Every structure is written in structure tokens, then in C-alpha cells.
Amino acid sequence: MKRLSFQDAQHATPTVSRRLSDGTLIELVYDREAKRTQLAVGKGSDITLHDDYALPDGTLLAPYSATNNLIKHEVLSLASHPEPFDSVSDLVERIDAYLYRYVDLTDDFRILASYYILFTWVYDAFNELPYLRLRGDYGSGKTRALFVIGSLCQKAFFASGASTISPLFHTLDTFRGTLIFDEADFRFSDEKAELVKIFNNGNARGFPVLRTTVTQKKEFEPRAFAVFGPKVVAMRRSFEDQALESRFFTEEMGRKSLRSDIPISLPDAQKDEALALRNQLLAYRFAMLPTLVA
């Protein structure tokens, strides 16, 4: 399909994800080899890739550009295209095997993480959700586990305690994906308070965070930022708020010796395996989401 003309591109709506009234899903994909974004459009297993897509009302949708900083640097983790899978049980087994190969988790938590990854691809069919947490001191393997799990989650957005809060609000509101957050123990109370707002409001639909923004006319205007969505967190301690603590499924890291077959450094194959699984998980979303929201 031909690329948009400059004039059409000026009027196209940048799109990450949409669900149309007839059940059609539209999802952003990124081919890192071709450095190109497209829109995957379809129902069930009938999915096609488009450089742009016109809605029945004439609205023209275009994918977020591959030059977007988060996409270009793979801070935002996307599938490249939908890839068929044999069955849900087979997909869960493949995810479980991937996690087992690259990170040392207890059996129960590894199985839980496998299903949580699956859940991130259809979370928008639900009104409430829990979070995953990896807790441990330096050298316990929590960051490795965070990366390996996060690499399979839907539209995973990787951030750390060194990040400022404003980009987190904007990225969550724009991409509506999975926040993968490392070192969630902020030293500064104001930053920690803002992060806690994201976690407190983010586990139930309909509770955006209100922040003041400045318009092009330099006027201050309140804006609601959607923060609802799955989150996987690594931290050293616990939050003081017990209600917030109750929202996490937690794995205590570093309490046992690391398995000898775990690679010290992740091989190049890990990135390719993660992409192949994300592609199947995208197909899972197209197949399963309509059955959950019907």
C-alpha cells in the first residue's frame, strides 16, 4: 500500500490502538528491521497490515511514526506483526519456558507471571487489575526478571527511578500499555508521592490523575491522564500504604542460590524469542479480546 501524501499525513490521526463498533481491532506494530510502523487491522484471525486506514466516517488513521523517540529506541516494546499460535495452553507453555530459561523465579510465581503476561494483552476488557512486583536488594536478580517479563507484555514501557514523573503520565495516557518500572524506591518525597498516585489510581478504570497543563495560548488547564493498566515493578522495600501494598503479587528475590543454567548475560537470541512471542500474543489479543468484551 502506498504511503500517505504529505497533505494526507497532516490530517491523519496518529493511532496506537482502537476497537471499532463492529468488533474490528486496530493495533500499532513496529518492524525494527525495516524501521517502519504500521496498523494491524482485523477480527479474529483475519488480520492485515496497513500504512494507513480509513474509517467508515472518513477519518483517516495513521500509525505513530517510527521516528517517535520511544519507538525508535525501543523504550516502548511492540509486536512486528500478528503470528498464529496453536492454542492458549501452548502459548502459556512457551511463555513459561521462556521465563524459565532466562530468570530464576519460584515455580508458583513463574506460572503467575506467565498468565499475567497473557492478561496484559487483554486487560482493557476488565475494570480492575493487580500488579506484579519483584522485591529484593542489589544483586538479587530483580532487574533481570523485570526486563525478561516486561519484554513480553503488551506495549511495555520501560522506565526507572531516574525518570521524572511527567513523561510517565504522558506515555501511559498515550499508549495505554504496561508500565515496567525499575527501582521504584524514590529518594525524594514529592516524586514518590506522584508515583504513588499512578499506582493508587492505575488499578481501576475510571480514576485518572488530574494535572495542570499549559495550552498553546499559555493558559493553565486541568487535564485528566489515564493511568489504568498493568504494571510490573522492581523495588527494594515496600510502600507504606497498606492498601497499595495489597495490589501487588510479590516475588521475594535473592532468597536462594541462582540456578547454574541461567545465563549471566542475556544472549542476542532472547530479543528474537521475545519478539516472536509478542507477535503470537498480538494474535492472541485479536482472537480473545472480542470474546471478552462481547
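**Exercise 1. Work out what kinds of residues line the largest pocket of this predicted model, and where they come from.**

*Solution.* Start with the chemistry: the lining holds 9 nonpolar, 5 polar and 6 charged residues. Together that makes a lining of 20 residues, and the ones nearest the pocket centre are Tyr-123, Asp-124, Arg-176, Arg-205 and Phe-228. Next, look at the secondary structure: strand 2 (17-19) and helix 6 (165-175) each contribute at least two lining residues. Finally, the volume of this pocket comes to about 340 Å³.

**Exercise 2. Follow helix 6 to its end and describe what comes after it.**

*Solution.* First pick out the buried positions in helix 6: they are Ile-165, Leu-168, Phe-169, Thr-171, Leu-172, Asp-173 and Phe-175. Then step past the helix to Arg-176, where phi is positive, near 50 degrees. You have met Arg-176 already, among the residues nearest the centre of the largest pocket.

**Exercise 3. Decide whether Glu-251 is buried or exposed, and find its surroundings.**

*Solution.* Locate Glu-251 in strand 15 (residues 248-252). Its relative accessibility is 7%, and the cut-off for buried is under 20%, so Glu-251 is buried. Now check the neighbours: leaving aside residues up to four places away in sequence, Glu-251 touches Leu-105, Thr-106, Phe-109, Arg-133, Leu-134 and Arg-135. For Thr-106 there is a further detail: its backbone nitrogen lies 2.7 Å from a polar atom of the Glu-251 side chain.

**Exercise 4. Compare the settings of Lys-35 and Lys-155, beginning with phi.**

*Solution.* A bit of background helps here: most residues other than glycine have a negative phi. Lys-35 has a positive phi of about 55 degrees, and Lys-155 has a positive phi of about 45 degrees. Place each one in turn. Lys-35 sits in the loop between strand 3 (25-31) and strand 4 (36-43), while Lys-155 sits in the loop between helix 5 (142-150) and strand 10 (156-160). Last comes accessibility: Lys-35 has a relative accessible area of 61% and is exposed, whereas Lys-155, at 6%, is buried.

**Exercise 5. Find the residues of the largest nonpolar core that touch the most other members.**

*Solution.* This core has 73 residues, and the ones to mark are Ile-95, Leu-99, Ile-117, Ile-149 and Leu-179. Helix 9 (residues 268-293) gives the most to this core, with 7 residues. Then zoom in on Leu-99: beyond four places in sequence, its contacts are Arg-110, Ala-113, Ser-114, Ile-117, Val-148 and Ile-149. To finish, note a second, separate core of 6 residues, including Leu-20, Leu-39, Leu-55 and Leu-61.

Notes: Residues numbered from 1 in each chain as written. Predicted model: local features only at pLDDT ≥ 70, side-chain atom pairs only at ≥ 80, totals over all residues. Heavy atoms only, no water. 1 Å grid on protein atoms, 1.4 Å probe; cavity = no way out; pocket = protein on both sides within 12 Å on 5 of 7 lines; lining within 4 Å. Points joined across faces, edges and corners; volume = space filled by probe spheres on them. Helix = DSSP H or I, 4+ residues; strand = E, 2+ residues; numbered from the N terminus. Nonpolar A, V, L, I, M, F, W, Y, C, P; charged D, E, K, R; others polar. Buried < 20%, exposed > 50% of the residue type's maximum accessible area, 1.4 Å probe, protein only. Polar contact = N/O pair within 3.5 Å; in protein donor to acceptor, adjacent residues only side chain to side chain. Contact = heavy atoms within 4.5 Å. Core = buried A, V, L, I, M, F, W, Y, C linked by side-chain atoms within 4.5 Å.
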